[in-house]
Amino acid sequence: MNESNDGYLTGQLLIAMPGMADPRFARTVVYICAHNEEGAMGLVINRLIGSITFPDLLEQLGIEISGADRQIEVHFGGPVESGRGFVLHSAEYEQDGTLKVSDLMSLTATIDILRDIAAGGGPRRSMLALGYAGWGPGQLDSEIQANGWLHVEADEDLVFDQNLDGKWERAISKLGIDPSMLSGDAGHA
């Protein structure tokens, strides 16, 4: 498994193991936007929120759709601050407040990026999420050691692929693992 040189997983994908005890994260793939000594923050990239659409969200924010009619799904980014929006996007788009996560991806959580997308502009590729997944200091590392998560290098195609069915299996397959061979039981001697 690829790990960044500093031991942190910023820019990587977390893949929930089959035995994930927390139902909010069962069979999820999480893109890690930040991971350091203070904790970790990421966005679930394979779950939608069925109760709100992008046009609904824009209407609530008073933003008019004036550009190209892009199909934008609203994702469940995680259980923390579920009313707050985040846009994970290709790194060529940047504005004040954009966090460059890697050479390929950035994160922006301002209303301006939603205005740009609604006007037909904005980043080349993007994913809109409400809420995020958060871990306190050392918490994610402990969960990985307890066989809760696998991790793998992220790639733009997998992250932004709108076909969410099978995204979990495709992420695990990047590790060279057949998902059907994974057990939900952790082996402890």
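Trainee: In what sense do strand 3 and strand 8 pair, and over how many bridges?

Mentor: Keep in mind that this is a predicted model. Strand 3 and strand 8 (residues 126-135) pair in the antiparallel sense, over 3 bridges. To see one place where they meet, find Gly42, which stands opposite Ala133 in strand 8.

Trainee: With which bridges does strand 2 pair with strand 3, and what joins the two?

Mentor: Strand 2 (residues 29-36) pairs with strand 3 in the antiparallel sense over 6 bridges. A hairpin makes the join, through 2 residues. Take Val30 as a starting point: its bridge partner in strand 3 is Val44.

Trainee: How many residues of strand 3 are buried?

Mentor: Buried means under 20% relative accessible area. In strand 3 (residues 39-44), 6 of the 6 residues are buried, so the strand is largely enclosed by the rest of the structure. Now check the directions: Gly39, Met41 and Leu43 point one way, while Ala40, Gly42 and Val44 point the other way.

Trainee: Let's try a helix. Which residues of helix 1 are buried, and which are exposed?

Mentor: In helix 1 (residues 54-61), the buried ones are Phe54, Leu57 and Leu58. They cover an arc of only 100° around the axis, which puts them on the same side of helix 1. Over on the other side, Glu59 and Gln60 are exposed.

Trainee: What do the buried residues of helix 1 pack against?

Mentor: Their partners are strand 4 (74-76), helix 2 (111-118) and strand 8. While you're there, look just after helix 1, where Gly62 takes a positive phi of about 75°.

Trainee: Which residue in the loop between strand 1 and strand 2 has a positive phi although it is not a glycine?

Mentor: That's Arg27, with a positive phi of about 55°. Arg27 is partly exposed, at a relative accessible area of 43%. Another case is Glu81, which is not a glycine either and has a positive phi of about 50°. You'll find Glu81 in strand 5 (residues 80-90), and at 41% relative accessibility it counts as partly exposed.

Trainee: On to the inside. How many residues does the largest nonpolar core have, and which have the most contacts inside it?

Mentor: The largest core has 40 residues, and those with the most contacts inside it are Leu13, Tyr31, Leu43, Leu88, Trp135, Trp149 and Val159. Apart from that core lies another, of 15 residues, among them Val87, Ile117, Ala118 and Leu128. For a closer look at one residue, pick Leu88: the residues it touches include Tyr31, Leu43, Met105 and Phe160.

Trainee: How is a pair of aromatic rings described?

Mentor: You give the distance of the centres and the angle of the planes. This structure holds 4 aromatic pairs. One of them is Phe86 with Tyr132, edge-to-face, at 5.6 Å centre to centre and 80° between the planes. The pair links distant parts of the chain, with Phe86 in strand 5 and Tyr132 in strand 8, 46 residues apart. Phe86 counts as buried at 4% relative accessibility, and Tyr132 counts as buried at 16%.

Trainee: And what kind of pair do Trp135 and Trp149 form?

Mentor: Edge-to-face, with 6.1 Å centre to centre and 80° between the planes. Trp135 lies in strand 8 and Trp149 in strand 9 (residues 149-153), so the pair ties together parts that are 14 residues apart in sequence. Trp135 is buried at 7% relative accessible area, and Trp149 is buried at 3%. Ring pairs also bring in Phe25, linking Phe25, Trp135 and Trp149 into a cluster.

How values were computed:
Residues are numbered from 1 along each chain as its sequence is written. This is a predicted model: local features need pLDDT of at least 70, side-chain atom pairs count only at pLDDT 80 or more; totals for chains, interfaces and linings use all residues. Side-chain values use heavy atoms; hydrogens and water are left out. Buried means under 20% relative accessible area, exposed over 50%, partly exposed in between (1.4 Å probe, protein chains only). Helices (H or I, at least four residues) and strands (E, at least two) are DSSP runs, numbered from the N terminus. Two strands pair if DSSP finds at least two bridges between them. The arc is that of the directions from the helix axis to the C-beta atoms. Contact means heavy atoms within 4.5 Å. A nonpolar core is a set of buried Ala, Val, Leu, Ile, Met, Phe, Trp, Tyr and Cys residues joined through side-chain atoms within 4.5 Å. Rings of Phe, Tyr and Trp (its six-membered ring) pair if their centres lie within 6.5 Å; planes under 30 degrees apart count as stacked, over 60 as edge-to-face and the rest as tilted. Lists of a residue's contacts leave out its neighbours within four places in sequence.
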